[in-house]
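This report describes one protein structure from its overall fold to its individual side-chain contacts. The sequence and the model are shown first.

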Amino acid sequence: MTTDVDVADRKPAWRAHGTARRSTHVLRLRVSCALVAVTVLAVLLVPPLVQLDQQAVDLAAKLQPPGWAHPFGTDDVGRDLLLRCVYGLRVSLLVGVVAALTATVIGTAVGAAAGALGGRADRLVMRLVDTLSSVPHLLLGIFIVAMFRPGVWPVVISVALTHWLSTARIVRAEVLSLRSRPFVDAAVSGGASRWRVTVRHLLPGVLPQAGLAAVLMVPHAMWHESALSFLGLGLPTHTASLGTLIQGARGSLLAGQWWPTLFPGLFLILPTLAIAGLAGAWRERINPRRRSELML
């Protein structure tokens, strides 16, 4: 039998656990914000401030380990690896952001249309989504990239056309949930057309979920671009991206030079973790239930 004394003894531990969870959440959010800020500043400020050519070849300084002259070392032709990583991150972020935004717009439009129309149109659209989802993203991306010359925009098109499917599902589910709300019934009863209900009531309701999907898609698109470039199907080999840097460092890694592979990999992993941390905070903010559980 539980007494009031036992309940009183458990309360401090319960509160301490909630305080620890909140502290961990705040620390994770601050670290994520700091990493994202450093990433953005490096991408925006390093290229114009550092007056060095990231393509400059110095065979006398090839494969130098990290040191004062070259903090990240040099690659197999003597190029500064720190500068190459910053330029590679710049290209990978460009591909990730543009592809994520494009895929989110496509997925939001398709999902909202399917959820708002309903009936046969909804079933037809979702069967198309299921069919495309059955094909592996990387395989479909390789097929799309193969139709163009190597470059940034073919990779953007490839990533965008293979990553809108999950957003379409999320938006459709949210639209179906909003259609059952009283304010939508009131708008329909007041004579609002389906188009007006979709634009004025349904789309604003799905924008937070669509924005969260776009943020989460940025690191996924960066990894997809890196995979295509690593396979030699994305960007040209002379263009610095994180995928091409890792692909070009394979021979050095087998020879025992670890830095040409390690640092581009870190430049890919750390922004991914930072964006995932920010997306987690966003998810807790737009989901009151998760937020209340966090505060326990």
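The account below begins with the whole chain and then turns to selected helices, rings, charged pairs and the surface.

## Overall architecture

The structure is a predicted model. The protein has 12 helices and 0 strands, and the pattern read along the sequence is accordingly α-α-α-α-α-α-α-α-α-α-α-α. Of its 296 residues, 39% count as buried. Among contacts between residues at least 6 apart in sequence, 71% join residues at least 24 apart. The protein exposes about 16,500 Å², of which carbon and sulfur atoms supply 67%.

## Helix α5 and its cover

Helix α5 spans residues 152–162, and its buried residues are Pro154, Val155, Val156, Ser158, Val159, Ala160 and Thr162. The elements that cover these buried residues include α2, α4 (137–145), α6 (165–179) and α8 (194–230).

## The loop between α1 and α2

Helices α1 (4–49) and α2 (81–117) are joined by a loop that contains Leu63. Leu63 has a phi near 55°, a positive value in a residue other than glycine. Most residues other than glycine have a negative phi. The relative accessible area of Leu63 is 23%, so this residue is partly exposed.

Phe72 also belongs to the loop between α1 and α2. What partner does the ring of Phe72 meet in a stacked pair? The partner is Phe263, with the ring centres 4.1 Å apart and 5° between the planes. Because Phe263 lies in helix α11, this pair ties together parts that are 191 residues apart in sequence. Both Phe72 and Phe263 are buried.

## Aromatic contacts

A search of the whole structure finds 4 aromatic pairs. Besides the stacked pair of Phe72 and Phe263, there is a pair formed by Trp258 and Phe263, which is tilted because the planes stand at 45°, with the centres 6.1 Å apart. The two members of the tilted pair contrast in exposure: Trp258 is partly exposed, with a relative accessible area of 42%, whereas Phe263, at 12%, counts as buried. Ring pairs link Phe72, Trp258, Trp259, Phe263 and Phe267 into a cluster.

A charged group also meets a ring elsewhere in the protein. Arg250 lies over the face of Phe230, at 5.5 Å from the ring centre.

## Salt bridges

The structure holds 4 salt bridges. Three of them are listed here, each with the distance between nitrogen and oxygen.

| Acidic residue | Basic residue | N to O distance |
|---|---|---|
| Asp75 | Arg79 | 2.9 Å |
| Asp130 | Arg127 | 2.9 Å |
| Asp130 | Arg169 | 2.9 Å |

In the bridge between Asp75 and Arg79, both residues are buried.

The other two listed bridges have Asp130 as a partner. Asp130 and Arg127 are 3 residues apart in helix α3 (residues 119–133), so about one helical turn separates them. An α-helix has 3.6 residues a turn, so residues three or four places apart point the same way. The bridge from Asp130 to Arg169 runs from helix α3 to helix α6 and therefore ties together parts that are 39 residues apart in sequence. Salt bridges that share partners thus join Arg127, Asp130 and Arg169 into one network.

How accessible are the members of this network: buried, partly exposed or exposed? Asp130 counts as partly exposed at 30% relative accessibility. Arg127 is partly exposed as well, with a relative accessible area of 46%, and Arg169 is partly exposed at 34%.

## A nonpolar surface patch

Which residues form a nonpolar patch on the surface? They are Trp223, Leu253, Trp258, Leu262, Leu266, Ile269, Leu270 and Leu273, with about 730 Å² of accessible area together. Helix α11 (residues 259–286) gives the most to the patch, with 5 residues.

Trp258 is placed in the loop between α10 (250–254) and α11. Trp258 thus belongs to the surface patch and also to the aromatic cluster. At 42% relative accessibility, Trp258 counts as partly exposed, and its ring forms the tilted pair with the buried Phe263.

Conventions. Residues numbered from 1 in each chain as written. Predicted model: local features only at pLDDT ≥ 70, side-chain atom pairs only at ≥ 80, totals over all residues. Heavy atoms only, no water. Patch = residues over 30% accessible without salt bridge, like charges linked within 9 Å, V, L, I, M, F, W, Y side chains within 5 Å. Areas by Shrake-Rupley, 256 points an atom, 1.4 Å probe, with all protein chains shown as cover. Salt bridge = Lys/Arg side-chain N within 4 Å of Asp/Glu carboxyl O. Helix = DSSP H or I, 4+ residues; strand = E, 2+ residues; numbered from the N terminus. Buried < 20%, exposed > 50% of the residue type's maximum accessible area, 1.4 Å probe, protein only. Phe/Tyr/Trp six-rings, centres within 6.5 Å; stacked < 30°, edge-to-face > 60°. Lys NZ or Arg CZ within 6 Å of the ring centre and 35° of its normal. Contact = heavy atoms within 4.5 Å.
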